[in-house]
Amino acid sequence: MSEGTSLVLESSENCTDLSQDEIGTIEETPEETILSRQTSVNLVPFIGQRFVSQEAAYEFYCSFAKQCGFSIRRHRTRGKDGVGRGVTRRDFTCHRGGYPQVKPSDDGKMQRNRKSSRCGCQAYLRIVKKSDFDVPEWRVTGFSNVHNHELLKSNEVRLLPAYCTISPDDKSRICMFAKAGMSVRQMLRLMELEKGIKVGCLPFTEMDVRNLLQSFRNVERDNDAIDLIAMCKRLKDENPNFKYEFKIDSNNRLEHIAWSYSSSVQSYESFGDAVVFDTTHRVDAYDMLLGIWLGVDNHGMTCFFGCTLLRDENMQSFSWALKAFMGFMKGKSPQTILTDHNMWLKEAIAVEMPETKHAFCIWHILSKLSDWFSVLLGSHYDEWKADFLQLYNLELMEDFEEGWRQMIDKYRLHTNKHIISLHSLRMFWALPFLRRYFFAGLTSTSQSESINAFIQRFLSAQSQLDHFVEQVADIVDFNDRVGLKQKMQRKAQKVCLKTGSPVESHAATVLTPYALSKLQDELVLAPQYASFLVDEGCFQVRHHTQTDGGCKVFWVPCQAHITCSCHLFEFSGTLCRHVLRVMSTNNCFHIPDQYLPTRWRGGGLSSVNQFRGVTTRDQPERMQFLESMVSTLIMESIETEERLDVACEQMSVALSRIKALPRPPAHGVNDITYSYSSDSLILPEVEDTDGIIHGFANPHDSIALGKLKERRARDVVDVTRKRRQFPGPLCGQYVHDPSDCSIMAGDNLGGDGLGYL
């Protein structure tokens, strides 16, 4: 049958009236011809063709349309007369048939509609219900394959929504991949390899997979919330130090929830003076805002304080989250808190934490500058941004105000709403207004990148909502273990003094390697500055290339009190180069104790007394402490033969005492065995970014620890498993570069691509 032919056959048994425009050309076809055609193998519809149901006719016409290069949709029905006959006629049309309807708005004006694919195509297939000998069947009575648009090629027609179908087997595999934490692009690539087809030739697209996953989540969202609360209750029963709080709305749905772990509460007691509350991400699967409280410890490593999921983003939600967090931390509020540029959060912090200095993270503001000013300033945008960053990094508020006025005049931004808003909020983001407050270095680029990498691990935790809490616990535990191992490595480092000054030697015995490196950066630059006594106890310090200006240092030796107008110590807890220069000029070789803050000193939170009197539910924490003790024992013992002999002797005694203790009943609650592979106790030689080589005193020495039998209890988190499950910005294997991965090559996947959120 040619494309230009339109054949319609109407039986007198059909009680529907057709106009001449609808039926087109009428031809009578002998019954025997119809039967012979129907028994032949022919995918082209023909007049008189019979089907047992509407669905069978639809599937047949759909197969024909796919071969031709278009898709179909159900169009018109006839026969719903209310006397029990039901539908007696059905029309299937091309997906581009008809015209889009223009919808008027409430005020009578025409709305601008989205672009439609409908262009009035006349291609159709009509079937009519017949009943021969009381056996119902559907017959083709009209067919036209004339299109007024271009038909798609075979590699294009499969992308039409009607043909982007996912089989039940593929759905189950996608669900399994999602629970394993794979990204959508990884799922598609793996299924292409399994099916042996070319890249991009699956019968469904990336968007189809994302929609499927979203439908799974929508169905199970309420159940997940119930399971989440049950999960938190179980964690609370296992460990009384676990903290959680939740709120149920009037529809008995989970509205907000927040939680924190015992190790997080302990970290907050020492390092909760400066906090980052990141609320820039959403868990789209559950339509909830993700908020994470983070900080930095004395080794410069990101530490986790708490987490929250909020249904709404408003002042009431943020107030609830802040109250819950304060409850976890025994009412102790941080000195400073960094957040994104959110006005609702700003108001909530002002109410719930009135004594806390609130600041906006500059990196979130910088990300918006391009949208705000790139079109407005055109080719001058890069120059303006450089001037803006220069103003941001100034030391004095007076210099900032003067520079801001000059910038506005230079670029004619007097009436720009974003400039006006930024200036009105300058006390929340400009460093000249923040330097008097302690932020523990959280405003630096390196800390921002470290925090962002940590948050990416949360976003790659893909599972049901209750499993999300479990996976967050695994991430925190894994981060603590990695941090503990790095701390043990740094304790074994041989500190390399950069200046050899007595001040540096003194600080090296007190500060952690991280804090010492910050002080060393200032010590190295201090000799480039000149100091002048301008008044009793007041010094003018400026760079040797400058003829005026500089910073003012006030020093009262009898009270061991020294301050600088740059406020670096108040801002980061590290003495600035100006102060160090004055101390060197005046023969001061010892840093007063108050300028070596406790939060930057060596030694950690762990101590033997910390774990005395704890219950058996705190086994993971005590095992973490035991592992650190074993690591320290090995590092200290390998220094000399005498130390090694003493360690072996004492360990033999301790092991004998442990074996003499009674064992718990078999298969009991406390029947827990822990084992750690020997390679987790080996600390390789490392090189820091500052150029200091760290390692063991005798790198050729080794300890034959043998291979420990791998025994894992259910209550112990397998570190190897976590490394695979939470790759963050890496590939599916731990410490694996995706650029070297044969499976991932060419996908150009980054940290944002991992996880199907």
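**Exercise 1. Find where V44 sits, and decide whether it is buried or exposed or in between.**

Step 1: Locate the residue. V44 belongs to the loop between helix 2 (31–39) and strand 3. Helices (H or I, at least four residues) and strands (E, at least two) are DSSP runs, numbered from the N terminus.

Step 2: Check its cover. With a relative accessible area of 28%, V44 is partly exposed. Here buried means under 20% relative accessible area, exposed over 50%, and partly exposed in between (1.4 Å probe, protein chains only). The areas themselves come from the Shrake-Rupley method.

Step 3: Look across the chain. V44 and F64 are 20 residues apart along the chain, and their C-alpha atoms are separated by 6.5 Å.

A word on the model before going on: it is predicted, so local features need pLDDT of at least 70 and side-chain atom pairs count only at pLDDT 80 or more, while totals for chains, interfaces and linings use all residues. Residues are numbered from 1 along each chain as its sequence is written, and side-chain values use heavy atoms, with hydrogens and water left out.

**Exercise 2. Work out which parts of the chain are linked by the salt bridge of R50 and E137.**

Step 1: Recall the idea. Side chains of opposite charge can pair when their charged atoms come close. The cut-off for a salt bridge is a side-chain nitrogen of Lys or Arg within 4 Å of a carboxyl oxygen of Asp or Glu. The whole structure holds 18 of them.

Step 2: Test the pair. The closest N and O atoms of R50 and E137 are 3.9 Å apart, and a salt bridge is formed.

Step 3: Place both ends. R50 is in strand 3 (residues 50–51) and E137 in strand 7 (residues 135–144), 87 residues apart, so distant parts of the chain are linked.

Step 4: Compare their cover. R50 is partly exposed at 21%, whereas E137 is buried at 14%.

**Exercise 3. Do the same for D170 with K195, and for R599 with D273.**

Step 1: D170 and K195 meet in a salt bridge of 3.2 Å, N to O. The pair links helix 5 (residues 168–179), home of D170, with helix 6 (residues 184–195), home of K195, and the two residues are 25 apart. D170 is buried at 7%, and K195 is partly exposed at 42%.

Step 2: In the salt bridge of R599 with D273, the closest N and O atoms are 2.9 Å apart. R599 lies in the loop between helix 20 (577–585) and helix 21 (619–637), and D273 in the loop between helix 8 (262–271) and strand 10 (274–283), so the pair ties together parts 326 residues apart in sequence. Both ends are buried: R599 has 8% and D273 has 14%.

Step 3: Salt bridges that share partners also join R50, E137 and R139 into one network.

**Exercise 4. Explain why C576 is in no bond with C566.**

Step 1: Start with the chemistry. A disulfide is a covalent bond between the sulfur atoms of two cysteines. The cut-off is a pair of cysteine sulfur atoms within 2.5 Å.

Step 2: Search the whole structure. The search finds 0 disulfides. C566 is in none, and its nearest cysteine sulfur, that of C564, is 3.5 Å away.

Step 3: Turn to C576. Its closest cysteine sulfur is in C566, and at 3.6 Å this is too far for a bond.

Step 4: Add the cover. C566 is buried at 5% relative accessibility, and C576 is buried at 3%.
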